[in-house]
Amino acid sequence: MAEIPIKVKHQGKVYDLEINTDSTGEELKIQLYSLTNVEPENQKVLAKKLVKDDTPLSSLGLKPGQTITLMGTPSAEVVMEIPKEKMKFAEDMTEAELAQRDGAIPAGLQNTGNTCYANATLQTLRSIPELQQELMNYTPSAAASSSAASSMFSADQLAQYGIGGLGGGNDLTTALRDLYTQMGGTQQGFPPIMFLTTLRQKFPQFAERAKSGHGYAQQDAEEVWTQLVQTLHESLKLPGEDAQKYKSWVGKYMAGSFEVITSCDDAPEEESVTQTEEFHDLKCNITGDVNHLPEGIRIALNEKLEKNNPTLGREATYTRSSRISRLPKHLPIHLIRFFWRKDTQKKAKIMKKVTFQHEIDVTEFCTEELRKKLVPVRDKIREVRKEEEDVERAKKRQKRVKAQEEIEAKESKVRADEPMQKLKEKAEKEKAKGTAGEGEKAANGDSAKQGPEEEKHKTDDELEKERADKLASMKQDVLSAVHEDLKKDPTANQTGLYELRALVTHQGSSADSGHYTAYVKKTAPKVGGVEDGNWWWFNDEKVQEVSAEKIETLAGGGETHSALILLYRAVELPTMEKPDVEMKA
């Protein structure tokens, strides 16, 4: 690659430019566009001769310092404004700036000794954007701050130096806030030492030492998840009306409600007891006949209990049926893979394969009242998706037809070197065909004229506008189908559908051994952008990108990585956008 500096003269100004002589005129015009805002199609470039798109720059014989001329002006659509911020290249960015770029590899977490259970849980929770936002605004309560009174510095002062956990005492929420802030400023594996210290202070069970005597023991990721969510439920209080309605941030975004009906099987004449309970996750029980996620959830929602019945004066069997009356925006589902074995005194693992989907429909687990409100919205969303798929197929088909027409048009051109005899033969054939056509018309009389007029073909723009209008109308129908009660609770799931966003996996045969990792779905680089469908795999400090097919392999069936906690997010209502395509006058 040979790069030389040249000068470009345009409208009385002279610009310095470095060009690659191995490139073409098209690439030169793109460089000039970035300098002058003159679009390539409006440019005329003179360098001894007119430079075309396919002109090799090496053929111009340009020398360092030589001046070329650019003629042309920007069109009205080009905004002639100087950028408010100077362009910054990756080499000039700090570590924090690199970490915050679109598409940047997120930070991993160092394993400080059997801490993969915490690392995987922390990465999964961090995938909830509303949680990160709430933590940024979190200020410890007076009670939490008083635990740090012995320190010379406040918790906030320590956090500025990346050691917030030192002064936080048992304030796990502050430690979590500081950890996520620190992770946002690096792409390296970060050591969560301060967070783990606070976790062990608040919950001594996580301070259990390893049987070998070296370091801390491995723990169950499900237990640390439960303790973290409960801690956030107690600490992230909401202001104003939200405080009365939801009590906490967890209540607003991660809590659902059950309508629980308990009835006695041994005394069916007794009246059933109905009560409302809050839940922060769904369970998936794994028994011998469970092969799929919904089957396990169904079993967990219909339990059999043994307890004393005062009327019968003895132990009796009860059925406890739970139905969902409120669906949260973020729904964790725990696959109950571990159980206590008395003979080994360990939490053994159920290796059975249990499949799960990237999208689930939970309306069957809801109360009849909630189901009636959700099903119309769910069905209309599926209709919109089908229409979007049809539109995409139509666009691809249209593209193929256009390409085929271009090929046929090229093939139909008469080659310049075709012999004259062939040309004459072609002309005679065309003439004969034309005569036959006229004879056929005469034989048929004016019947052709009396038939329906030839159908007018629509332009591509007209067809695309029709599709866009239809799609917009269908999306509006979805919004109109939302029940008034659901509109009053915008942070609840209003569609009955969930999409998988993150999961914790476990490899090994027991909860207290093996290895935990996390998978988090990549977000779109910009708001409103399109996701590429890939995932980040967090294996302690190692972070790598994997395809969606990898997630399909995590259903279990052995000691390999199997899903333990699935974090789903509500499929949201469609947004109304102004169609990009407009009818041309």
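Two strands pair if DSSP finds at least two bridges between them, where strands (E, at least two residues) and helices (H or I, at least four) are DSSP runs numbered from the N terminus. This is a predicted model, in which local features need pLDDT of at least 70, side-chain atom pairs count only at pLDDT 80 or more, and totals for chains, interfaces and linings use all residues. Residues are numbered from 1 along each chain as its sequence is written, and side-chain values use heavy atoms, with hydrogens and water left out.

**View 1. The whole protein, with its 18 helices and 19 strands.** Of the 585 residues, 39% count as buried (under 20% relative accessible area with a 1.4 Å probe, protein chains only; exposed is over 50%, partly exposed in between). Let us add the contacts, meaning heavy atoms within 4.5 Å: among those with a separation of 6 or more, 67% link residues 24 or more positions apart.

**View 2. Strand β19 (residues 562-570) and its partners.** Nine of the nine residues of β19 are buried, leaving the strand mostly covered. Strand β11 (residues 330-336) runs antiparallel to β19 and pairs with it over five bridges; here P332 stands opposite L567. Strand β15 (residues 497-507) is also antiparallel to β19, joined to it by eight bridges, and E499 has R569 as its bridge partner.

**View 3. An open sheet of five strands in the order β2-β1-β5-β3-β4.** The pairing in this sheet is mixed. Because β2 (13-20) and β4 (49-51) stand at the edges with a single partner strand each, one side of each has no neighbour in the sheet. From one strand to the next, the twist averages 35 degrees. Look also at β3 (residues 44-47) and β5 (residues 67-71), an antiparallel pair with three bridges, where V45 stands opposite L70. Helix α1 (residues 25-36) lies across β1 (3-10), β2, β3, β4 and β5, and runs at about 140 degrees to β2 (axes are lines fitted to C-alpha atoms, for helices over the stretch in contact, and angles run from 0 to 180 degrees between N-to-C directions).

**View 4. Helix α3 (residues 116-125), a buried helix.** Ten of its ten residues are buried, so α3 is largely enclosed by the rest of the structure. Among them are C116, Y117, N119 and Q123.

**View 5. Where the predictor's confidence is in question.** The mean pLDDT (confidence in each residue, from 0 to 100) is 84, and 81% of residues reach 70 or more. Over residues 164-168 pLDDT stays under 50, and the model has 14 contacts beyond four places in sequence for them.

Definitions and conventions: pLDDT is the predictor's confidence in each residue, from 0 to 100.
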